[in-house]
Every structure is written in structure tokens, then in C-alpha cells.
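Got the viewer open? Let's take a walk through this one, selecting as we go.

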Amino acid sequence: MMIAITVKNIVKTYGTKKETITALDDISFEVNGGELFGIIGPDGAGKTSLFRILTTLLLPKGGTASVDGFDVVKDYKQVRNRVGYMPGRFSLYQDLSVEENLEFFATIFNTSIQENYNLIKEIYVQIEPFKKRRAGKLSGGMKQKLALCCALIHKPSVLFLDEPTTGVDAVSRKEFWDMLQNLKKQGITILVSTPYMDEAALCDRVALIQLGKIMSIDTPQEIVKSFKGQLWAIRSTKMYALLKDLKQYEGTISCNSFGEFHHLLLKDDANEKELLTYLNQQQHTGIELKKTAPVIEDCFMQLMNKN
Amino acid sequence: MKQFIIFVKKEFYHIFRDRKSLLIIFLMPIVQIILFGFALTNEIKNSNIAVLDNSKDEATVKIIQRLDASRYFEVNTYLHSQADIENIFKSGKVRMVVVFPPNFYQSLLHSNKAQIQLLADASDPNTATTITQYATNIINDYQQELNGQTNIPYQIQPQLRMLYNPQLKGTYNFVPGVMTMILVLIAAMMTSVAIVREKEINTMEVILVSPLKPLLFIVSKAIPYIFLSLVNLITILIVSVSILDVPVNGNLFLLMAESLLFIITSVSLGLMISNFTKTQQEAQMFSLMSLLLPTLLLGGFMFPIESMPWPLQAVSNIVPSKWFYLIVKDVMIKGLGFSQVWKESLVLVAMSLVLLFISFKKFKTRLA
């Protein structure tokens, strides 16, 4: 299989000599052709810097990277000819209609809406009823769909989506990921970043990134498998006090709030009976404790604490 | 080519859909030129004057009539004694008092000499100078007529003629000035703001990651504003000819061509500014400070450059507005041809080339 994106020892720093911030610290990974690859990490992890380097918008301080076999520094013109890019911040013309935006981006990429209509058809039909509406008056989900259409219209071989689902409602997020699965079937390599851990499971492979460093690269399944220890889900009537008490418990490795439960990881020598006794001493009622399978977020937390 | 057309089209959408800016772009020239033409003019019309006529003869009556008939003066008070003069000045009702001595006409006929006293309120020295000048001219006129009748030989009379602008109209001065100011503002500010807006709303990121060539981007950003500036130019010319009675004495096409050249210089300035500003506000402020002020102060139409200290005179040479103002004055008011303005035009061409070269070289093909 062809390798679509190669990143080798990329370093990126910002700031002056006095005060430098390292956004990317010696990052390396490869993305195969036709793969849906996720960069998962919280805000400030370095996701946008990485995307901007790969889309030739920023120069790395060190290391090399290539997209579709072209170096992002030397052959930046070729790279620009074959990538689609959707920046994190909404970047369409608010005062142009849906149709005008799409036509504009199609034309500056030397193509037309008709030529590649089949590629965007599935997405575009959803916003077509509003094609005369100004982009600024669209809902967040529709804006994202339009932006995706604009990034796709020239049939890029590699698509870069920087936090496409940030600020979008849950339903639109789901729809958006369905669209990405369909695009993948058309052979387009997709690099997508997101701060939402639950979206990681939808990627072929993911890179977990934190403070400019990649903590792990693997399929979501393998990452989950690599979780060490037994994870417990626990809840009681007083969730906040419970979290505090669990964190103070001597047998606890980590405890994080996770929806209506807390996810708890215990030391090997600790056992559930002792834990329940401890919680009873702390006057917790309605305690529910059960074993649970870890998800990406748990793995992320574990990796984060390890470093 | 298709890229170019759609880009220009898009730019026009931006302009026409932003009603507020559109209104400013098209109304600003009209409002400014009318303001400068009528309200802020430095010529003096209908000044109130008083007369102390101690002679009351044929000549004094005629002179008073002439003063009154001219558009500069309004004789509204007749004084009766020397003491009244100070009072009327103190009341602020008049700007000038004309005093005729007793037996004015008599002494003029018999000794060929007569005196008139012009007393002006010099608390505003410019106005005082101007109105005494006007009055002197009117009296000289009358004197010439008398001479013509009596035919006294060998009298040397200085003949004053105000060339190109015989009525000393202030608007003749202001139209080229306002034209310069509006063109530089619209063209440079709008261009810089339009480019910086792409950075601010983040569309620049996508445009950079596209096969669109930087030169094409710059040109298609500039074209709409060149066009708008031309529309403004035509508006200004129509208003100045029809409402302000300032004619286009020279070749209209030469004037248009020179204006186009200046517009291109201004747009290049705008491109330059857009290179090192990040927000629309920054671009706007910078345009105002770096274009409007030098144009007003060093452009030559508010304050004559010849009377400035030499460092300022030297600085004024790098202000494009100064050169364009000279061209417009020569072509529009004096009616001169290209042979008289080629030097100034060459300066503008050189400035444009340098600015365009710099802004193209400095154009960032990346974000940082």
C-alpha cells in the first residue's frame, strides 16, 4: 500500500529566543493511502500546528514531512495542488451564498461543480435546499458540510480536516463521520483531528497527541487493548464527594469523571470489598460498582499520567 | 482566466453586499467635495463693511456703489463720525470701514491725488489682508476708468491678472485636493482592508492552499477597487463641473489617464499596507495615519509646500499625493498638456513599480 503522508521528526516552536513554546516535539508517523487517520488530543496539543505544516502553511523548525510523495517545504506547490484543507475556524465567505462559495472554491482549484459533483453529491444534497442562503446564516452543522464540500470539490488525494466537528451538535457530528466513511470508500486519504475522544473509535488508526508529543499510534481497538489493569465504573448519590474521596483512597491509581459514572483504576493489591468498606465509612449511599471496558479516553488518561 | 473572473466577481459581491461600506464609498466623495467646495472655503464673500463718507460727492458715491455691488462686500452701515469707527469694530458687525476724507472728488480732480482709508479688523489677519486686497482692486478699477476719461498721460498702472482662476475661487484649489484625498483613501484603504479581511476571517488559509498564484490574487484584489475609484473620480468631476463650476480646462482623457495612474499607485500602497497588518482595524488605522495625514499636511493643497522648512519639503517628495495634486492642478485647472506633467507622472510610475515590486516580493505564501 502506498504511503500518503510521512512525518519524520517534525519540530515546531513558537515565540522569541527568550521565551519559546514547543508546539510539536519530534513527531513521526505515517499514514497509508486511503486511510482515515485521526489525530486525537486536547486543545493546545499541537494538532493545528501539525496540520498547517502538512498543508504547507507553516515551516517546521526541524524534521521533514511529505504528502503524496512531495516534500511540504520544497515541493509546496505540488502539495497545494493535491490536498484539500478545511481549517479549524470556519473559513468560508459569510456574505456569499452556499452556491457562490462552492463555485468560487471550485474555480480557484481549476475545476467546476459539475466535474466533481458525484464526489460531493451525498453531502451537497443536504444543503442544496439552502443554496441561495448566505453562508453566514447557516447553522453550525450546515456550515461544516459546506466547508467539507468546498474542501472536496477539486477531488483532492489527501484531505486535511482540522477539528471539523468542534462546535457542532451531536447529530451533525454523527452525520459528518458517516460522510467521512463514505469518502474513504472513494479512496481519499483523510487526516482528521479532534478533541473528542469518542470519535477516535471511528478512525482506522489514531495518534494520541499531548503537549506536542505523540503518546501512542495504533488502531483504536489495539489502543483500548493496551490499557493496563481492571477498570471499574462507580456511582453513588453524591458524585462530586465520591470523586474526591476516591482520589484520596490509598488503593486508587486514577479516578476520572465519565458521564454518569466515575472510571476508577485500582492498584493490584487493592480489592473491591475494602473499597466498599472505605466508601461506607465516608457515608456514601446508593453505591453501584461494576467492571467496565476501557475506552480511548481512559487510555489517553492513562498514557497522560504515565508521562 | 476563469480563476481571475470568479475572484473579481466575488470581490464585487463583497462590496455590493456590504451596504454600509458601499454607501460610504459612493457618498463620501460627493459629501466631501461639496463640504470643501462650499463650507470650508477660504474665500471671503459678502463681508459686511461700514462707510464714513466725509465728502459725499460723485466719486465717493460711485466707489461705494461699486463696493456694494461686488460679491465680496455688503455696505450695511453708514457712519457719521470718526468716533463711530471704533464702536462698530468693537460690536463686531463689520470687517472693514472705508473712510473718505472731505472734498475727495475735488482733490482728485485738482491735485490728481486723493486718499481713501481702509480700516480692517486684523484680529483675523488673513481675512483682513484678503478683503483690503479686494477693496483696493475695486478702487483701482474705478481709478482706471477716470483716467480713461480724462486721459492724463504717463501714468504707470500696475496691471494685476489672476491667471487660471480670475475670480480667485477657493474651489479651484479644493477640487484637485479633494480628488487626491478621496482617491488615495478609497483605493489604498479599501484594498488593504479587503486583503487583510481574508486573513482575519481565515479564508486566506484555504486560498493559500490552492493553486491560485499570488500575482493573480493580488491583481484580482486590486481590480475591483481600481474600478470603484474610477467611478468615484467620475462622480467628483461631475459634481465639480456641475455644482461647483470648476471646469476641466485640459484634456479630459489625459486627466482620466493620470488619475488611473494615481489610483494604481494608491492601490499599490494598499497592497503594501496589507502585507504587514493582520486585522482590518489595524489596516484601516494604518491607512488613515500613513495616507490621510501626509496627504492633508504635505500634499500641498492645505498648506503650501514652498513655505515649509526644507526637511518637510524633502519628506513631501515621497508623498504620492503631492505629485498627483500638481498634475491635476496643471491639467484640470491650467489646461496644460502631457508635456508639462510628464515628470510628475514619471515619479508616480516609479513609485507604483517600486511599491508593487515590494508588495509582491513580501507577499507571504505561508501563514508565518
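**Stop one: a cysteine and its neighbours**

Select Cys149(A): leaving out residues up to four places away in sequence, it touches Leu102(A), Ile120(A), Ile123(A) and Tyr124(A). Touching here means that C-beta atoms, placed from the backbone, lie within 7 Å. Bear in mind that this is a predicted model, where local features need pLDDT of at least 70, side-chain atom pairs count only at pLDDT 80 or more, and totals for chains, interfaces and linings use all residues. Residues are numbered from 1 along each chain as its sequence is written, with chains lettered from A and ligands numbered from 1 in the order in which they are written.

**Stop two: the cores**

Now add Phe160(A) and Ile190(A); with Cys149(A), they have the most contacts inside the largest nonpolar core, which has 144 residues. Such a core is a set of buried Ala, Val, Leu, Ile, Met, Phe, Trp, Tyr and Cys residues joined through C-beta atoms within 7 Å. Buried means 20 or more other C-beta atoms within 10 Å of a residue's own.

Hop over to helix H7 (residues 171–200) of chain B, which gives this core its largest share, 19 residues. Helices are DSSP runs of H or I, at least four residues, and strands are E runs of at least two, numbered from the N terminus.

Next, pick Ile63(B), Tyr72(B), Val94(B) and Val98(B), which are among the 22 residues of a second, separate core.

**Stop three: all of chain B**

Zoom out: chain B has 14 helices and four strands. Its C-alpha atoms fill a box of roughly 95 × 45 × 40 Å along the principal axes. Of its 368 residues, 37% are buried.

Definitions and conventions
Buried ≥ 20, exposed ≤ 12 C-beta atoms within 10 Å, placed from the backbone. Contact = placed C-beta atoms within 7 Å.
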